[in-house]
Amino acid sequence: MQPFKYKPPRVNAGDLRTPVTFYEYAPNPGPEPGEQEKQVLYDCMAKVDEVWLKDLELAKSNGTLSDVTLTIRDPLQDYIPSDEHYISIDALEYRNKRYNIKHVQPDLQNKKFITIVGRLVT
């Protein structure tokens, strides 16, 4: 029989330190191209991860060097992330940058959190 060894969770509530806002954008009215903020959908705290050093070469070849991974507490039915939504991260390093949600997946190790991958919008 294998002895019991406690493994702490990968993410806990103390890691959620960066404020993030989820937006919905709509096309500009009239003939001018572009988008404008339509409404704020959800505000929360998140753990923000960039591309890991071990994945740096793979990220360069895929063109995903500017992707960001967010871990947020599962909002249940208050907000359901979609690939049509945008993310704004309230930190100096991410000021004036807008990310589009590329992928959403539940954290299988801890059902209290979900993981969101965002791609930088140019």
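This passage walks through the predicted fold, its strand pairing, its core and its charged pairs.

The structure is a predicted model, in which local features need a pLDDT of at least 70 and side-chain atom pairs count only at pLDDT 80 or more, while totals for chains, interfaces and linings use all residues. Residues are numbered from 1 along each chain as its sequence is written, and side-chain values use heavy atoms, with hydrogens and water left out. Confidence is given as pLDDT, the predictor's score for each residue on a scale from 0 to 100. The chain averages a pLDDT of 83, and 87% of its residues score at least 70. Among the elements, strand 4 (residues 85-89) has the highest mean pLDDT, at 92, and helix 1 (residues 56-62) the lowest, at 65. Where pLDDT is low, the predicted coordinates should not be read in detail.

Helices (H or I, at least four residues) and strands (E, at least two) are taken as DSSP runs and numbered from the N terminus. The chain holds one helix and six strands, arranged from the N terminus as β-β-α-β-β-β-β. Contact here means heavy atoms within 4.5 Å. Of the contacts between residues at least 6 apart in sequence, 52% join residues at least 24 apart. Burial is read from relative accessible area: under 20% is buried, over 50% is exposed, and values in between are partly exposed (1.4 Å probe, protein chains only). By that scale, buried residues account for 32% of the 122 residues in the chain.

Strand pairing comes next, with two strands counted as paired if DSSP finds at least two bridges between them. Strand 1 runs antiparallel to strand 2, joined by ten bridges, and antiparallel to strand 4, joined by five. On the strand 2 side, Phe 22 has Tyr 42 as its bridge partner. On the strand 4 side, Thr 21 is partnered by Ser 88, and Tyr 23 stands opposite Tyr 86. Strand 4 also pairs with strand 5 in the antiparallel sense, over two bridges, and there Tyr 86 has Asn 100 as its bridge partner. Seven of the ten residues of strand 1 are buried, so this strand is largely enclosed by the rest of the structure. Strand 4 is likewise largely enclosed, because four of its five residues are buried.

What lies inside? A nonpolar core is a set of buried Ala, Val, Leu, Ile, Met, Phe, Trp, Tyr and Cys residues joined through side-chain atoms within 4.5 Å. The largest one has 17 residues, of which Val 20, Phe 22, Leu 70, Ile 87, Ile 89 and Ile 116 touch the most other members. At least two residues of this core come from each of strand 1 (18-27), strand 2 (35-49), strand 3 (68-73), strand 4, strand 5 (99-106) and strand 6 (113-120). In soluble globular proteins, nonpolar side chains tend to be buried together. Beyond its neighbours within four places in sequence, Val 20 contacts Tyr 42, Asp 43, Cys 44, Ala 46, Leu 70, Ile 87, Ser 88 and Ile 89. In strand 3, Thr 71 is buried, with a relative accessible area of 2%. Leaving out residues up to four places away in sequence, the residues that Thr 71 touches include Val 11, Leu 16, Met 45, Phe 113 and Ile 114.

Charged side chains complete the picture. A salt bridge is a side-chain nitrogen of Lys or Arg within 4 Å of a carboxyl oxygen of Asp or Glu, and by this rule there are three. Asp 67 pairs with Lys 102, with their closest N and O atoms 2.8 Å apart. This pair links distant parts of the chain, 35 residues apart: Asp 67 sits in the loop between helix 1 and strand 3, and Lys 102 in strand 5. Asp 67 also forms a salt bridge with Arg 119 (3.5 Å, N to O), which lies in strand 6, 52 residues away along the chain. Asp 67, Lys 102 and Arg 119 are thus linked in a network of salt bridges. Within this network Asp 67 is buried, at 9% relative accessible area, whereas Lys 102 is partly exposed at 39% and Arg 119 is partly exposed at 34%. Asp 90 and Arg 95 also meet in a salt bridge (3.2 Å, N to O).
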